[in-house]
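The exercises below are meant to be worked with the coordinates open. Each one sets a task and is followed by a solution that proceeds in steps.

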Amino acid sequence: MSTTTATATLHSEISIKQLIGLIGAPLVLIALWFAPTNENPAAQHAIAISALMILLWATEAMDHALAGFVGLFLFWALGVSRFESAFSGFSNETPWFLLGAILIGTMASTSGLAQRMAYTITTRIGTSYSRLLLAFIIVDFLLTFLIPSGIARVTVLATIAAGTVQAIGFGPRSNIGRGLLLIVTYTAGIFDKMVIAGAASILARGIIEQTGNVRVLYSQWFLAYLPCDLLTILCCWRIILWLYPPEKEQLTGAGCEYLREQLDRLGPWSGAEKRCAGLLAMAVGLWMTDFIHHLNPSIVGLSIGLLGLVPVIGVIDANDLRKINFGAIWFTAAALSMGRVLAETKGLDGLTSTMMSWMGALIHSPIASTLTLYWTGFVYHLFLANETAMLSTSLPVVLKFFTAQGFHPLPIGLIWTFASGGKIFAYQSAVLIVGYSFGYFEARDLFKVGLILTVVESLILLLLVPLYWPLLGIV
Amino acid sequence: MTTNKKTLITALLCIAVSVSVVFLPLQMSPAASKALAITIWMVLFWIFSPIDHAITGFAGCFLYWATGAVSFETAFSGFSQDTPWFLFGAIILGTMVAQTGLARRLAYSVMSVVGVSYARILLGVIIVDFLMTFIVPSGISRVVILASICLGIVEAFGVAPKSNIARGLFIIFTYTATIFDKMLIAGAASIVARGLIERDGGVPVYYSQWFFAYLPCDLITVAACWAAVLWLYPPEKKELAEGRAFLDLQLAKLGPFSGREKRACVLMLVTLALWLTDFLHHIPASMIGLGAGLAACLPKLDIMDSNDFKRVDPLPIILVAAVLSMAVVLVQTKAIDVINAAFFSRVNPLVSSVNYSALVLYWAGFIYHFFLPEPSNISTSMPLLMGFAKSNNLSPLGIGMIWTFAAGGKIFIYQSPVLVVGYSYGQFEAKDLLKVGLILTVVESLILILLVPTLWPLIGIR
């Protein structure tokens with residue numbers, strides 16, 4: 001490609017939304033920097049740079065990690081904070097926990113273990129469409145423990161689901177195709193809010209610990225949402241069967257045959273799969289029992305991830321490490337650094353009082369507080385599409401406000417994180433875009449299912465928060 | 001024996017050696033003991049390389065934390081220092097000049113002045129590296145600038161990365177970038193050393209005195225580096241086949257500057273100008289480097305796109321951050337005090353005078369540098385050395401200068417971020433550094449033996 005063409009391509013790739021971000025973000029920075037406010041200069045300048053970062057993230061004007069770096073660089077270069085504070089997120093355990101989680105996911109998909117698990121379960125359960133659908137939802141849930149990346153899960157499962165739909169003789173826009181692909185995609189974005197797996201919940205855990213000063217156990221998070229997981233599985237299953245009744249209930253032999261063939265093609269367990277299974281079992285075992293040994297979930301995640309890189313014991317090598325999306329790690333660190341700078345300069349106090357004061361009147365009871373939090377989070381997520389960006393920009397402010405009102409930071413953080421799972425548009429998550437790109441469902445399908453499931457999830461939450469969470473000590 | 005088995009045995013031996021440290025009867029806290037054992041494990045793994053350097057570094061940081069030796073913030077403190085992110089900016093700038101074609105244009109232009117023979121080009125690169133030390137005090141910056149030219153030279157010769165021509169050029173400008181700044185008060189190590197010699201040694205240190213003390217060494221080093229590289233890496237092509245005609249043709253083929261190239265060129269010139277004038281504005285070199293790297297990725301500038309940004313290799317950054325974290329952990333747990341006590345109790349009796357003990361000091365400094373990267377190796381040891389010099393009526397200036405010079409002797413990548421930057425271009429391997437490093441370290445020590453008793457007394461260092 002000639003240089004001119006390359007430049008033209010670069011130009012044409014910038015959408016109006018991105019252009020707004022590119023022009024608007026610096027203008028907002030300048031306006032807030034010089035605005036006549038009562039804030040101390042450091043706080044005001046920190047807020048101005050944070051606004052630039054948020055606008056760049058919201059409009060996706062540039063790569064999220066790059067926008068993060070630009071913000072951190074400005075904190076340092078403009079003298080708002082020292083380098084150590086501006087880049088403090090990189091010496092926080094959260095981004096490295098995410099690296100551990102990504103390494104575990106890479107191990108599962110590289111070794112073929114994830115595919116084997118998916119084919120095994122769907123072959124065993126799926127003799128009819130409704131059973132197959134249930135099997136895919138259950139596999140999606142179980143894979144959340146093994147592959148902490150929503151995109152990776154959707155890629156694995158959607159490929160298998162699409163192959164199955166074609167094998168049983170249905171097209172992409174058939175009800176069977178829509179139902180399977182839609183639910184595999186949507187649940188990938190919900191389940192990883194109910195387990196500390198994936199960038200959003202790992203980031204949220206880090207922010208809750210950093211801003212709320214409370215310990216967040218993996219097992220506690222898991223148990224808090226376990227009933228919700230089970231109810232979600234059932235609801236998703238029934239809703240899809242209701243919205244998209246299958247053209248044919250009983251599967252022909254071809255569908256089952258396809259799944260069996262794929263499983264046979266994997267052959268006997270390879271050494272890499274066995275090692276991977278051993279390491280994953282160790283990780284899940286340690287995470288689930290952290291209320292006994294109190295081992296930090298990050299230690300478990302990182303140690304298993306690193307063991308996966310060790311020759312002989314492990315499954316992956318330095319080249320696999322290089323191929324990992326470090327942008328997610330850099331972005332997480334940048335988001336945490338921004339929170340730290342805002343807290344250090346007292347900019348967070350100013351932001352909290354400005355943004356959250358309207359909520360005060362609505363949080364008089366647990367039910368009202370839960371509903372307010374969940375739906376505010378949902379609406380906020382419509383504007384700040386990327387869920388990690390949504391959490392990093394809002395969670396510190398939300399925690400600060402609610403703790404000042406006498407609430408415990410853990411349930412607040414849990415609800416707000418869960419709210420980031422409620423989505424109705426594909427742009428709200430890269431996971432949805434990946435699933436959508438398979439071409440099996442349309443935007444209105446996503447809107448319909450998303451809206452119903454968001455309402456269902458909020459109802460489940462209404463039951464859990466006042467009735468079940470106090471039993472676990474989350475009040 | 002298969003490679004896997006060899007790797008496994010090497011790894012197990014390294015682990016056994018490092019674990020044994022915990023059982024040594026040393027007077028230190030459990031935290032220091034753990035930190036020391038993990039550090040020795042890291043150093044051994046870096047030396048014998050059973051796994052990638054960056055993975056070793058990252059695992060070491062993780063172990064500092066997981067074993068409870070230090071907090072997470074301390075174990076990973078290197079990641080919130082500016083050096084690894086300076087490196088990040090440097091890698092982006094390197095990618096930028098290569099991708100836009102600027103490197104090629106620069107190289108052809110330089111070659112049309114210096115000549116088309118490889119030997120002349122090599123000498124030119126070494127001399128430019130030396131001269132730049134006066135005006136660009138940051139080793140990483142110098143490597144970035146020279147890499148942008150040498151990437152194009154390698155391409156012009158039509159040879160592959162890791163060919164003899166590529167190895168020779170990249171290894172020598174990378175390595176000399178960490179030697180020359182010990183022979184001048186330029187760069188972090190010599191600046192830190194100067195401050196400590198003045199503070200703890202109680203003697204003034206003059207830029208001119210330092211410069212003249214090492215001037216012959218500079219000249220001999222330039223010649224030695226040139227000869228060593230030509231001997232170790234005989235070029236595949238002695239000169240460009242079609243000579244100057246080829247250069248003219250290539251320059252003509254490149255045509256006028258493209259838009260991207262112009263923007264890249266302007267960005268590089270601004271960066272260079274800021275680096276050259278830092279004595280006026282005092283903006284840190286790392287701020288300039290990182291800022292320029294990030295600017296290159298901004299969408300509206302159209303120099304690099306988000307995919308180029310995503311493709312930046314994170315492993316060199318992790319390695320540098322891990323090495324820096326290691327230094328912080330050793331200092332914070334006071335494990336460095338144990339290393340110092342053990343080390344200097346053996347070295348000090350051998351140091352009777354500056355003249356006769358130059359060799360001992362130089363090689364002791366070389367070994368000490370295995371445990372700490374620069375400038376930490378200087379900052380942790382110099383106060384002890386100055387105290388020793390004063391109590392034994394030895395010249396603090398002479399002792400300090402030799403010790404600083406010894407920090408130039410390196411044979412492993414992890415010993416300096418500058419080496420990591422050069423290595424990250426993928427043009428040479430770790431074994432090349434070992435080979436060249438070892439030869440040049442011996443050469444430098446021989447030069448020192450000559451200089452210290454003959455020239456130094458003449459300029460008042462005795």
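**Exercise 1. Two residues with positive phi**

Is A:N213 buried or exposed, judged by the other C-beta atoms within 10 Å? Place A:N213 and A:V312 in their loops and compare their phi values with the count around each.

*Solution.* The model is a predicted one, and local features are read only where pLDDT is at least 70. Begin with the backbone: phi of A:N213 is near 55°, a positive value in a residue that is not glycine. Next, locate A:N213, which sits in the loop joining α11 (199-212) to α12 of chain A. Then count: 10 other C-beta atoms lie within 10 Å of A:N213, and because a residue with 12 or fewer counts as exposed, A:N213 is exposed.

The steps can be repeated for A:V312, a residue other than glycine whose phi is also positive, near 75°. A:V312 belongs to the loop between α16 (297-307) and α17 (318-323) of chain A. Its 12 C-beta neighbours inside 10 Å place A:V312 among the exposed residues.

**Exercise 2. A helix pair in chain A**

Describe how helix α10 and helix α12 of chain A are arranged, and list the residues through which they meet.

*Solution.* First take the axes: those of α10 (residues 175-194) and α12 (residues 218-243) of chain A come within 11 Å and cross at roughly 165°. Since angles over 145 degrees count as roughly antiparallel, α10(A) and α12(A) are therefore roughly antiparallel to each other. The handedness comes next, and the crossing of α10(A) and α12(A) is right-handed.

Finally, list the contacts. From α10(A) come A:G179, A:I183, A:T187, A:I190, A:F191 and A:M194, and these meet A:Y225, A:C228, A:D229, A:T232, A:C236 and A:I240 of α12(A). Sorted by class, this contact holds eight nonpolar, three polar and one charged residues.

**Exercise 3. A glycine in α10**

Which residues is A:G189 in contact with, once its neighbours within four places in sequence are left aside?

*Solution.* A:G189 is part of helix α10 of chain A. With 25 C-beta neighbours inside 10 Å, and because 20 or more is the threshold for burial, A:G189 counts as buried. Beyond its neighbours within four places in sequence, A:G189 is in contact with A:G150, A:G421, A:K423, A:S429, A:V431 and A:L432. As a further distance to check, A:G189 and A:D290 are 101 residues apart in sequence, and their C-alpha atoms are 25 Å apart in space.

**Exercise 4. From a helix pair to the interface of chain B**

How many residues of chain B are in contact with chain A, and which helix of chain B gives the most to that side?

*Solution.* The count is 36 residues of chain B in contact with 34 residues of chain A. Several helices of chain B each supply at least two residues of this side, including α5 (82-100), α13 (259-276) and α15 (285-297). α15(B) gives the most, with five residues. The residues on this side of chain B divide into 19 nonpolar, eight polar and nine charged.

Now examine α5(B) and α13(B) as a pair. Their axes come within 9 Å and cross at roughly 145°, and the crossing is left-handed. B:M96, B:V97 and B:T100 of α5(B) meet B:R260, B:E261, B:A264 and B:M268 of α13(B), a contact made up of four nonpolar, one polar and two charged residues.

Technical notes: Residues numbered from 1 in each chain as written. Chains lettered and ligands numbered in written order. Predicted model: local features only at pLDDT ≥ 70, side-chain atom pairs only at ≥ 80, totals over all residues. Contact = placed C-beta atoms within 7 Å. Helix = DSSP H or I, 4+ residues; strand = E, 2+ residues; numbered from the N terminus. Nonpolar A, V, L, I, M, F, W, Y, C, P; charged D, E, K, R; others polar. Axes fitted to C-alpha atoms, helices over the stretch in contact; angles between N-to-C directions. Parallel < 35°, antiparallel > 145°, perpendicular 65-115°, else oblique. Left-handed = near helix turned anticlockwise from the far one by under 90°.
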